[in-house]
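Hi,

Here is the structure I promised to pass on. Have a look at it first, and then read my notes below.

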Amino acid sequence: FALYPGAAYSAQDFSAYDAAYNEKEKHDLVCAAYSLNEMSEPINTLVERLWAYCAGILVLVEPGTPAGADIIVQALEWLRTQGGAHILAPCPHALA
């Protein structure tokens, strides 16, 4: 993080959601890479938790497989309908 002196890195276990912590600290960038497909909870529950920690940008990365694509579709649907998110990718419009 030498290029960004004010940046801080934090690794969180989003499976152990803590509402009290969430209200204290939001993050400008939340990334979940190759992790949603490893969890036993419903995708919507996991995405809701990640979104709750987010004050800016949420990045989700899953394998380029049919199962990974299904996870991203479920996540996008929740973010669009329940989370009030503006979707930038994979589709550059809010109807993703």
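Let me start with a question: is cysteine 54 buried or exposed? Cysteine 54 is buried, with a relative accessible area of 10%. Cysteine 31 goes the other way: that residue is exposed, at a relative accessible area of 52%. Before you read on, please keep in mind that this is a predicted model.

You may wonder how many disulfides there are. The count is zero. A pair of cysteine sulfur atoms has to lie within 2.5 Å to be counted, and the sulfur of cysteine 31 has its closest cysteine sulfur, that of cysteine 54, 9.2 Å away, so the gap is too far for a bond. Seen from the other end, the closest cysteine sulfur to that of cysteine 54 is the one in cysteine 31.

Now the overall picture. The chain has 96 residues, and buried ones make up 30% of them. Three helices and two strands are present, and from the N terminus on they run α-β-α-β-α. Of the contacts with a separation of 6 or more, 61% are between residues 24 or more positions apart. As for the surface, the accessible area comes to about 6,500 Å², and carbon and sulfur atoms account for 58% of that.

On confidence, the mean pLDDT of the chain is 81, with 79% of the residues reaching 70 or more. Which elements sit at the two ends of that scale? Helix α1 (residues 19-24) has the lowest mean pLDDT among the elements, 61, while α3 has the highest, 92.

That brings me to α3, where I spent a good part of my time. The helix covers residues 66-83, 18 residues in all, and spans 24 Å from its first C-alpha to its last, close to the 26 Å expected at 1.5 Å a residue. Its buried residues are Gly68, Ile71, Ile72, Ala75, Leu76, Trp78, Leu79 and Gly83. Why do they count as being on the same side of α3? Because the arc they cover around the axis is only 165°. The general background is familiar: an α-helix has 3.6 residues a turn, so residues three or four places apart point the same way. Turned away from the buried side of α3 is a face with the exposed residues Pro66, Ala67 and Val73. And what covers the buried residues? Helix α2 and strand β2 (54-61) are included in that cover.

Valine 47 shows the α2 part of this nicely. This residue lies in helix α2 and is buried, with a relative accessible area of 0%. Leaving aside residues up to four places away in sequence, valine 47 touches Leu36, Leu60, Ala75, Trp78 and Leu79. Take leucine 79 as one of these partners: valine 47 and leucine 79 are 32 residues apart in sequence, yet their C-alpha atoms are 7.7 Å apart in space.

What follows α3? Directly after the helix comes glycine 84, with a positive phi near 70°. Leucine 88 is in the segment after α3 and counts as exposed, at 70% relative accessibility. From leucine 88 to valine 59 the C-alpha distance is 10.0 Å, for two residues 29 apart in sequence.

One last backbone item to look at. Where is tyrosine 34 found? Tyrosine 34 is in the loop between β1 (27-33) and α2 (43-53). Its phi is near 50°, a positive value in a residue other than glycine. Most residues other than glycine have a negative phi.

That is what I have for now. Shout if you would like to go through any of it together.

Cheers

Terms used:
Residues are numbered from 1 along each chain as its sequence is written. This is a predicted model: local features need pLDDT of at least 70, side-chain atom pairs count only at pLDDT 80 or more; totals for chains, interfaces and linings use all residues. Side-chain values use heavy atoms; hydrogens and water are left out. Buried means under 20% relative accessible area, exposed over 50%, partly exposed in between (1.4 Å probe, protein chains only). Helices (H or I, at least four residues) and strands (E, at least two) are DSSP runs, numbered from the N terminus. The expected span of a helix is 1.5 Å times one less than its number of residues. The arc is that of the directions from the helix axis to the C-beta atoms. Contact means heavy atoms within 4.5 Å. pLDDT is the predictor's confidence in each residue, from 0 to 100. Accessible areas come from the Shrake-Rupley method with a 1.4 Å probe; for residues, only the protein chains shown count as cover.
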